[in-house]
Each structure stands twice: as C-alpha cells, then as structure tokens.
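Q: I would like to learn how to read strands and pockets in a protein model. Could we take one feature at a time?

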Amino acid sequence: MKKYLYIFIAALTLSACESELELTSPSQLTTAGFWDTEEGAKTAHTGLFANLRSSASTLWLLGEMRSDIWGGRTYESPANESLIESNITVATAPFGGWAGLYTRIHRVNDFIINVPNITFNDASEKKHLLGQAYGLRALYYYTLLKTWGDVPIILEPFTDVDPANLSRIRTPKKDVMALIKSDLEASLTSFGSDGSYWESSKVFWSKAATLTLKGEVFIWSGNLLGGGAADFTVAKTALQKVATLGVSLEPNISNLWGVPNEGNSEFIFAIQYQQDEASNFYNGLTGRSTEINPQFNNVGESMSDFVIAGANRYGQSEKTILLLDDSDDARGDATFIKLYTDDNGGAGYPTYSEPTYFGSIFKKFLGQVNGSERIFENDVPLYRYADVVLLLAEAKNLLGEDPSSEINQIRKRAYGANYVVANHAYVNGSQADNTDAILNERYKEFIGEGKRWWDLRRAGDSFVIDNVSFLSAGEEYKLVLPITNDMIGRNPLLEQTIGYTN
C-alpha cells in the first residue's frame, strides 16, 4: 500500500483543493491523464483510503459524540461540549462544508467514471476495485443522509469551472437512500463471487464490508423511511452471508485490541495507521504523564511508569461507568483504564468509587510503546463481526423473530468463564424490550468505535430521547444537523434543515 500512497500524495499536490460544492477548479487527475494506466488506477485506489483516513475523526464525532457515552469527568479542558450537549443552532452549526465528505465523494466519482475505461492485466482486479469504490460511495452518502437528511446528490467528477454549474439542491432523503442502495448493488455486482480481501488485508473495502453496510442501511430504511418488513428481510439475508466470507467472532475480547492483534478474524474493514505514516486520533482520550503518573488503576497498581504524552478531552459519562462496572464482563477493563487518587490500601477499586475517581484512559487503541514514546498506530475497525451479529439481532427483532441467540453470542464472549446462563443469558421478550437489550449490548461492545449515536437513531426517535439526557421530546428536529449560513451564502440553492431558524 505504501508504494501507491506515496505516488498518490505526489499526484495530489498537483491537484487544487476543493471547497464543498463550490469548486473553483476541475478534476486535474482526469485532465492530466492520470487515468491512462492500471498503475494510475491502483494509485488512485490507495488514495481513496488515504482520503477516508483523513475523515476518520470526523466520522467518529458524527457517530458517537452526541450519544450518552461521553460528557463525564476529564482532567483537561473538555472538547466538543456543544455536540455532547446537542447545543446546536444555525449560528453554531458544526461540520461546515458537509464535513468535507463531498471532497471524498469527488475522488470516488472520478474513480468510478474512469477506471472502467482502463485495461487491466487481470480483469478481476478491476472489478474488485470498482466494488470497493461503489461501497465507499455508499458509505459516504449514508453518512451524509444520517447526519443531515436531505443532501445534494453528485455522481460525476467536477470538471466545470463555472460556479453556476456547481451549485446543487438538497435531494430528498428517500432519493438519497435509493442511490445508496443502488451503489450497494453495483458494489456487489462488481465483486460477484469474489469474497477475497484486497492484498489479503482488511484495510481495504470488500464484499463482506458491502454486505455489512447493506444490512445496516436496510434496517435504517426499513425502520425510519417506511421500507418495513421487506427491507428488514433484505438486511437479514445480507448479514447472514457475511459469515461465509472468512470472518468470525474472536473467542476472547483480549484478542481484539492491540497492534499485534490487528490480523484477528473479527475485523471486516479497518482504517490503517502505521508509524511514520499516520497516527490515529485516540491520543486525545488519554492524558499527559503529569496527570496520569501520580494515579492508580482500579486494581491498585501505580501508574507511575505509564508512558503517555496525550490529552484528556473526553470523559466517559457516569452512565457509561456504571454500565461497565461489572468485573465479570471483560469489556470494562478492555475499554477503559479507570484512574483513582489512591490504591485503597493496596486493594484497588474493583467497583466504581466516585469520591476517589480521577478520570479514565480509553484503552482499545492505545498503540504501543517504542522507547520513551507511545505510537498510536492501531488500525481502527469501522466494521467487525460483532457488529454483524447484533445488526442481525436487530433485523430479526424487527421481523418479529427471536434475537436472543445473537445477543447471547456477544454476552458469552464478554463474560467468558464467568458466563452463567441463569444470570447472564437474555430471554426473548417484547419487541421494545429486545430493542433495549440490543442497544445495551451494542453500547457496551462498541464504545469508542463511532456507533452509539447511529444505533440510537436507527432504533427510532423515542430511543434517542429516552437515552440522551440533553434531548427532550419536541426536539426531534435536532436529530439531524443544520447547515451553516456560509454554505447557503455560497450555494443559494441550499435550504436550511427543517426546524432550524436563525
């Protein structure tokens, strides 16, 4: 991948930057003859994933920050409090310029338009690359739809320098969803029977990733856009196919996290980070040695030798702390290192003790220590097989079927040798009870992975209002974001998100 990444960066420096939907320059990749060769196409393909990595922290903020996970104690100035508290107005609208996602889409459009015209030595490689590109475009448009509802649809690369031809209206979300579904089918058609992973690596998109996204998309459209049982059935079928493509649950939580475990069987698609290439953003969920070293962890061990030079901008909410305050569930210790101001006489604090609690370090993506430096080079999964299992539980529940088998697969793995059927097994209940159980399991399973806000949204407005203390009945319009006045000023065809006024 590195070979093509370096070529891509060199090519990118020749191409002017675009402002979202107000471009002032054409696609210079196209006009410069970049698309004449297979090597050029493969370089551009690598660039698509470098682009995605550049948006990784934004995708995380969009998918998690407005949920109930964060907002707790930090030992430095907290970040993104307005997002956490849903304190959002037109004047303070976040993620201007559609969060940069149309720049990503432009690159994918360029790829989809031009690659079919290139001759490959192995035609199956071209099909695989196109399957990846359609999957990425579906991912971007799905993110836009979830975030803003109605959004512009642009399927061609920008080659016109006339600003009058660059302004687009917001397309109704039902039509955006139709495009997403169309791209998912184009992706699957391109992959055909090829379930392989490009370069045998999960850091590229794959058929398994497309099927997982398809399952999530059809649950969303079935529950929120009127698709109903027909969409839930499509979701169930897609998700059931993923297990045939070389992925499965890891037997132990400990096998998932840490740089040496990146080749695990559970990851479906992950964003790649490597020393001297790119670091992930989770350093901001740790802290500085001056604050951490004087503290003790929950088993009473001194943190004096802990190597870190980060920041602590996000603290887990007390709701999150209490949710994970179960020593039998391995996910608690795998997700956070809880810090206390003393060692409790050497006994530590096996259960949460608020008076002596100092704060937390997010543990899943702590990288590894190299000498006196911690390198944040964990690959970060966008999809893993636990996601598929619990999405399948959602689809089954919405179809009136029993989701307890899927819920209990995740619980058995989490509790390991501590699992006791009488204490931990979930028994099928009402549809609402099942939804709460699935949401609760996903909450514990995916903290820090950018999913909780979308999980609540996908379940329905009432589940968001019931779980996020900063939102109340009557504020459902806040579930999607406003656009900035600057965006409207640059593109007069845009209309403000319904419910928001100046």
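A: Let us begin with a pair of strands, keeping in mind that this is a predicted model. Strand E1, residues 267–271, is paired with strand E6 in the antiparallel sense, and the pairing runs over four bridges.

Q: Which residue of E6 is the bridge partner of isoleucine 271?

A: The partner of isoleucine 271 in that strand is valine 380.

Q: How should I think about the side chains of a strand, and is E6 mostly covered or mostly open?

A: As a general idea, side chains in a regular strand point alternately to one face of the sheet and to the other. In this structure, strand E6, which spans residues 380–384, is mostly covered, since five of its five residues are buried.

Q: What is the volume of the largest pocket, and which residues lie closest to its centre?

A: The largest pocket has a volume of about 500 Å³. It is lined by 21 residues, and those closest to the centre are Trp148, Gly149, Asp150, Lys173 and Val480. Helix H7 (123–148) and helix H9 (207–224) are the elements that each give two or more residues to this lining. Sorted by class, the lining of the largest pocket holds 11 nonpolar, three polar and seven charged residues.

Q: How would the second largest pocket be described in the same way?

A: The second largest pocket contains about 220 Å³ of space. Its lining is made of 16 residues, of which Trp257, Gly258, Ala334, Lys363 and Lys364 are the closest to its centre. By class, eight residues of this lining are nonpolar, five are polar and three are charged.

Notes: Residues are numbered from 1 along each chain as its sequence is written. This is a predicted model: local features need pLDDT of at least 70, side-chain atom pairs count only at pLDDT 80 or more; totals for chains, interfaces and linings use all residues. Side-chain values use heavy atoms; hydrogens and water are left out. Buried means under 20% relative accessible area, exposed over 50%, partly exposed in between (1.4 Å probe, protein chains only). Two strands pair if DSSP finds at least two bridges between them. On a 1 Å grid over the protein atoms alone, a cavity is a set of points where a 1.4 Å probe fits but cannot get out, and a pocket is an open set with protein on both sides within 12 Å along at least five of seven lines; lining residues have an atom within 4 Å of a point. Grid points are joined across faces, edges and corners, and a volume is the space filled by probe spheres set on the points. Ala, Val, Leu, Ile, Met, Phe, Trp, Tyr, Cys and Pro count as nonpolar, Asp, Glu, Lys and Arg as charged, and the others, Gly among them, as polar.
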